Amino acid sequence: MKIKNDRLEALRMIISSQELGSQDELLTALKKEGFQLTQATLSRDLKQLKVAKAASMRGNYVYVLPNDTMYKRVSTPHTVKEMMQVPGFLSINFSGNMGVIKTRPGYASSIAYNIDNSHINQILGTIAGDDTIFIVIKQGVTKDEVIDALSEVVPNMK
């Protein structure tokens with residue numbers, strides 16, 4: 001299962017960093033990253049990730065991840081291996097009993113999923129986009145308590 005999870009993460013990174021419009025292009029990009037798979041497996045992975053095609057700024061149809069009407073692509077792409085070594089968390093800010101976590105593009109959903117499944121008592125719930133997570137904090141909980149609790153789940157929180 002770890003191999004599949006690594007492959008799906010690599011596929012997310014490739015889609016978020018490159019404008020690719022065919023499965024052949026995706027297979028070639030995955031092969032460069034060390035993943036050898038069939039077109040049928042790639043098709044199942046794309047379906048699982050709910051990948052769609054959308055018009056790019058240049059008018060080409062390219063693969064995009066869900067919840068990305070105007071998907072942000074990085075201007076200087078790195079290899080997937082380089083991107084996977086850098087954590088997705090960027091920053092956290094608070095206002096009252098709300099918090100906003102900023103992540104690298106494509107990371108918010110997986111980080112929010114980890115937060116929700118960790119059953120952190122200080123947090124009522126999350127809503128994730130592409131690079132932003134909205135958190136609702138229980139009444140009376142301090143920012144430091146939230147950061148301490150999140151640091152157990154989110155690498156590089158502190």
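**Figure 1. Aromatic rings and a charge over a ring.** In this predicted model, the count of aromatic pairs comes to zero. Tyrosine 63 has another kind of partner, though: the charged end of lysine 53 sits over its ring, 5.1 Å from the ring centre. Tyr63 also belongs to a core of 18 residues, which includes Ile15, Leu49 and Val51 as well. That core is separate from the one shown in Figure 3.

**Figure 2. The whole chain, for orientation.** Before zooming in further, here is the overall layout. The protein has six helices and six strands. Followed along the sequence, they come in the order α-α-α-β-β-α-β-β-α-β-β-α. There are 158 residues, and 39% of them count as buried. Among contacts with a separation of 6 or more, 51% are between residues 24 or more positions apart.

**Figure 3. The largest nonpolar core.** This core holds 21 residues, and those with the most contacts inside it are Ile92, Ile101, Ile115, Ile135 and Leu150. Two or more residues each come from β3 (89-95), α5 (108-117), β6 (132-137) and α6 (143-151). The biggest contributor is α5, with four residues. To see how the packing looks around one side chain, centre the view on isoleucine 92. Leaving aside residues up to four places away in sequence, Ile92 touches Val100, Ile101, Ile135, Ile147, Leu150 and Met157.

**Figure 4. The buried face of α5.** Which residues of α5 are buried? They are Ala108, Ile111, Ala112 and Ile115. Looking down the axis of α5, you will find these buried residues within an arc of 100 degrees, so they line one face of the helix. The spacing fits a simple rule: an α-helix has 3.6 residues a turn, so residues three or four places apart point the same way. The cover over the buried residues of α5 includes β3, β4 (98-103), β5 (123-128), β6 and α6.

**Figure 5. Either end of α5.** Glycine 106 lies in the loop that links β4 to α5. Is Gly106 buried or partly exposed? Its relative accessibility is 21%, and the cut-off for buried is under 20%, so glycine 106 counts as partly exposed. Along the chain, glycine 106 and methionine 13 are 93 residues apart, yet their C-alpha atoms are separated by 7.5 Å. Just after α5, look for histidine 119, which takes a positive phi of about 50 degrees.

**Figure 6. The buried side of α6.** Here the buried residues are Val146, Ala149 and Leu150. Around the helix axis they cover an arc of only 95 degrees, which puts them on the same side of α6. What covers them includes β3, β4, α5, β5 and β6. Leu150 is also one of the residues with the most contacts inside the largest nonpolar core, and Leu150 is among the residues touched by Ile92.

**Figure 7. The hairpin of β5 and β6.** How many residues lie between β5 and β6 in this hairpin? There are three. The two strands run antiparallel and are joined by five bridges. Within the pair, glycine 125 stands opposite valine 136 of β6. Both strands also appear in the views of the helices, where β5 and β6 are among the elements covering the buried residues of α5 and those of α6.

Note on methods:
Residues are numbered from 1 along each chain as its sequence is written. This is a predicted model: local features need pLDDT of at least 70, side-chain atom pairs count only at pLDDT 80 or more; totals for chains, interfaces and linings use all residues. Side-chain values use heavy atoms; hydrogens and water are left out. A nonpolar core is a set of buried Ala, Val, Leu, Ile, Met, Phe, Trp, Tyr and Cys residues joined through side-chain atoms within 4.5 Å. Buried means under 20% relative accessible area, exposed over 50%, partly exposed in between (1.4 Å probe, protein chains only). Contact means heavy atoms within 4.5 Å. The arc is that of the directions from the helix axis to the C-beta atoms. Rings of Phe, Tyr and Trp (its six-membered ring) pair if their centres lie within 6.5 Å; planes under 30 degrees apart count as stacked, over 60 as edge-to-face and the rest as tilted. A charge sits over a ring if NZ of Lys or CZ of Arg is within 6 Å of the ring centre and within 35 degrees of the ring normal. Two strands pair if DSSP finds at least two bridges between them.
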